[in-house]
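Biologist: Before we discuss any labels, could you put the sequence and the structure on the screen?

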Amino acid sequence: MLDFNKKYWKWIIPALCALYCLFEANGKGDFYIFLSAADDLGKHENIFEKKYVDGYHYYYSVLFALFLKPFAALPYLPLKFCWQFLNALLFFNLLQIFYKSELVSKLKRKDLFILLVFIVSLRFFIDNIHHSQITILILWCCIKGLTLISQDKPITGALILAIGVNIKLLPIVFVPYLIYRGYFKAALFTAGFYIAFMFFPSLIIGQEYNMALLKEWAKLINPTNQIHVLDVDERSFHGLSTLFSTLFVKDVPDVYALKITRNIADVSLETLSKIILITRLILIAFTLYFLNLKFFAKAKTNFAQCIELSYILLLIPLIFPHQQHYAFIFAIPAFAVILYTVMINKDQKAITVLLILIALGFSLKLILGVFDDYYVHFKLITYCALLLIPLLVWVKRKEAV
């Protein structure tokens, strides 16, 4: 059996990451969009209105573009390699956080546990590195920030969490969580750092230009926009808004859709918007089930906290619009919590079978990529992520026994 405590893994893993990132360094990828927006920032252009690389918008913060601006004039491929390598290291740091956690240390076969989590997340890891995406960094900001906050390091944890919120807003869901759980200092610092990060670019690019960009950014990411309701602009989109668009609208403007019926109804955009909103609200409200309706009190155990945090992380790619397949790396903590419970409680055949099916659904692109058009057409990843919710309910009920 593998032993990840061995020191040589500290050299083998970075070396393998470097080799893989070298292999993936060719091509533009999303990092090219980041750098292009950073370059246009120096020209005082509207980086949120302009489109890059075949019509894609820049959806991230002004501060992130400002941070990348000094690098925009440097050779692209070495920069892209460094970006991919950074994200690869952050991914393995997340596995290391799991491996060294108090809970995983109780497992007799913790090396097997980490290996299985890695295998199931491999598809999303590859997708993120291939597209030179930012999702791994955002997930790391969430988990690392929350870990530090739970270790009574509220300022450092809030700083890291606020960086994630500033770049891509997704971790904003953890601010009300911190308040609910009584981490008032961390919530206050997260909000404070976030506000500071929003207005800091004014010192460099000018207040008028920064405020104009912030207004354009708000319009671009507004979830009520029709483009975020009928969320099928790209065939690789997943999440509730995309799934419901394919289920409840007969002729969605998806030019890559297969000629296989997948809708079960045909409703107006207004009705579709209401269905999506109601479902989002139900899933958000269901968070209270995992929080036990105990306001301003910490979770009873570390495991109880892991369950509730994994559910909130799982919600991120489900409830936010415009989510790509690689965003479902946010579902891996939920998968890990369920796998952990199965390994602790033996003879859980039905749960094990469901978990295997979910793992296969996540990984079919790697196993049988020739049929990927069908997986994307029927939004298989979204169904698999939704299946994790009842399994998390089972975990919570098991933990309460």
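Biologist: What makes you say whether helix α16 is mostly covered or not?

Modeller: This is a predicted model, in which local features need pLDDT of at least 70 and side-chain atom pairs count only at pLDDT 80 or more, while totals for chains, interfaces and linings use all residues. Residues are numbered from 1 along each chain as its sequence is written, and side-chain values use heavy atoms, with hydrogens and water left out. Buried means under 20% relative accessible area, exposed over 50% and partly exposed in between, with a 1.4 Å probe and protein chains only; in α16, 16 of the 18 residues are buried, and the helix is mostly covered.

Biologist: Why does Gln305 count as buried?

Modeller: Gln305, which has its place in helix α16, counts as buried because its relative accessibility is 13%, and the limit is under 20%.

Biologist: What joins the side chains of Gln305 and Tyr183?

Modeller: A polar contact of 3.3 Å joins them, the term being used for a pair of N or O atoms within 3.5 Å, where within protein one must be able to donate a hydrogen and the other to accept it, and residues adjacent in sequence count only if both atoms are side-chain atoms.

Biologist: How do you know how many disulfides there are?

Modeller: A disulfide is a pair of cysteine sulfur atoms within 2.5 Å, and by this rule the count comes to 0. For Cys21, the nearest cysteine sulfur, that of Cys17, is 6.2 Å away.

Biologist: Why is Cys21 called buried or exposed?

Modeller: Cys21 counts as buried because its relative accessibility is 0%.

How values were computed
Helix = DSSP H or I, 4+ residues; strand = E, 2+ residues; numbered from the N terminus.
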